[in-house]
Amino acid sequence: MQKPLSIVVVEQDRDRALLIVDSLRDSGPHEIFVVSEESALARRIKERNPDIVLVDMASPSRDMLEELTLASGATERPVAMFVDQSDDGLTKAAIEAGVSAYVVDGLRPERIKPIMDAAITRFHMFQRMRTELAATKKALEERKVIDRAKGILMKARKIDEDEAYALMRKTAMTQGRKMVDVAEAIVTAAGLLS
């Protein structure tokens, strides 16, 4: 059984909001909160801290997209946006604002749940990719520091690369530190001595 979601629905038209809410209730016992005004949208979304935001607009404005960016940056939560009409500039702005699913001319009750599920899945996929990218960048930076420290040791001690690496590894193990911490200490000390 799917866990209930906390959902913020952004819709100015009361009848369309009810249509969305009814469709969502048919898909499960979700906690649904409707926001009918664009003003202070970011604050309202942050207060609710929903699992997903569903936005239904005839034509989104740049102000609306800025509010979404403030409330739901690409790393905070999935956003599915349904619009009646769009242009290339707004589509790009919506994606840059962190919208996970951007559907033009597509708000039909039977499509809401599958699009919402796709937006959540896509959001989590991008979140994993961001995490992996950050870990890869960190590993690369650590590798650079370790290589720099090896170079410093090789020059100072007149040893080869394997010996420099073994010396740093032994020091790290002896001191109970990470290899990168030992490397950073070597680089810092070398900087102070030069």
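## Close-up views

**View A. Arg 77 is found in the loop that runs between helix H3 (62-71) and strand S4 (79-83).** Like the other views here, this one comes from a predicted model. Is Arg 77 buried or exposed? Its relative accessible area is 2%, and because buried means under 20%, Arg 77 counts as buried. Follow its side chain and you will find a polar contact of 2.8 Å with the side chain of Asn 49. A polar atom of the Arg 77 side chain also lies 3.2 Å from the backbone oxygen of Pro 50.

**View B. Asn 49, the partner of Arg 77 in a side-chain polar contact, has a positive phi.** Asn 49 belongs to the loop between helix H2 (41-48) and strand S3 (52-57). Its phi is near 45 degrees, although Asn 49 is not a glycine. As background for this view, most residues other than glycine have a negative phi. With a relative accessible area of 52%, Asn 49 is exposed, because the exposed class starts over 50%. The contact shown here therefore links an exposed residue, Asn 49, to a buried one, Arg 77, through their side chains.

**View C. His 30 occupies the loop between helix H1 (14-26) and strand S2 (31-35).** His 30 is buried, at 9% relative accessibility. Which residue offers its backbone nitrogen to the view, 2.9 Å from a polar atom of the His 30 side chain? That residue is Leu 5. The side chain of Ser 27 joins the His 30 side chain in a polar contact of 3.3 Å. Setting aside residues up to four places away in sequence, His 30 touches Lys 3, Pro 4, Leu 5, Ile 7 and Leu 24. Leu 5 thus appears among the residues touched by His 30 as well as through its backbone nitrogen.

**View D. Helix H1 packs against helix H5 at an angle of about 60 degrees.** Two packed helices are described by the angle between their axes and the distance between the axes. For H1 and H5, the axes are 9 Å apart, and the crossing is right-handed. On the H1 side, look for Leu 19, Ile 20, Ser 23 and Leu 24; they meet Pro 109, Ile 112 and Met 116 of H5. By residue type, this contact of H1 with H5 has six nonpolar residues, one polar residue and no charged ones. Leu 24 may look familiar from the previous view, where it is listed among the residues that His 30 touches.

**View E. Helix H5 (residues 109-157) spans 72 Å from its first C-alpha to its last.** Its 49 residues give a reach close to the 72 Å expected at 1.5 Å a residue. Among the buried residues of H5 are Ile 112, Ile 115, Met 116, Ala 119, Ile 120 and Phe 123, together with Ile 146, Ala 149, Lys 150 and Leu 153. Leu 133, also in H5, is partly exposed at 48% relative accessibility. The C-alpha atoms of Leu 133 and Thr 171 are 29 Å apart, and the two residues are 38 apart in sequence.

**View F. Ala 149 is a residue of helix H5 with a relative accessibility of 0%.** That value makes Ala 149 buried. What does Ala 149 contact, leaving aside its neighbours within four places in sequence? The list is Met 168, Ala 183, Ile 186 and Val 187. Gln 85, in contrast, is 64 residues away along the chain, with 57 Å between its C-alpha atom and that of Ala 149.

**View G. Just after H5, Lys 158 adopts a positive phi of about 55 degrees.** Lys 158 lies in the loop leading from H5 to helix H6 (161-175), and it has this positive phi although it is not a glycine. At 72% relative accessibility, Lys 158 is exposed.

**View H. Ser 100 sits in the loop between helix H4 (88-96) and strand S5 (101-104).** Ser 100 is buried, with 9% relative accessibility. Not counting residues up to four places away in sequence, Ser 100 touches Pro 78, Val 79, Ala 119, Arg 122 and Phe 123. Two of these, Ala 119 and Phe 123, are listed among the buried residues of H5. Ala 80 and Ser 100 are 20 residues apart along the chain, and their C-alpha atoms are separated by 5.8 Å.

Methods
Residues numbered from 1 in each chain as written. Predicted model: local features only at pLDDT ≥ 70, side-chain atom pairs only at ≥ 80, totals over all residues. Heavy atoms only, no water. Helix = DSSP H or I, 4+ residues; strand = E, 2+ residues; numbered from the N terminus. Buried < 20%, exposed > 50% of the residue type's maximum accessible area, 1.4 Å probe, protein only. Polar contact = N/O pair within 3.5 Å; in protein donor to acceptor, adjacent residues only side chain to side chain. Contact = heavy atoms within 4.5 Å. Expected span 1.5 Å × (residues − 1). Axes fitted to C-alpha atoms, helices over the stretch in contact; angles between N-to-C directions. Left-handed = near helix turned anticlockwise from the far one by under 90°. Nonpolar A, V, L, I, M, F, W, Y, C, P; charged D, E, K, R; others polar.
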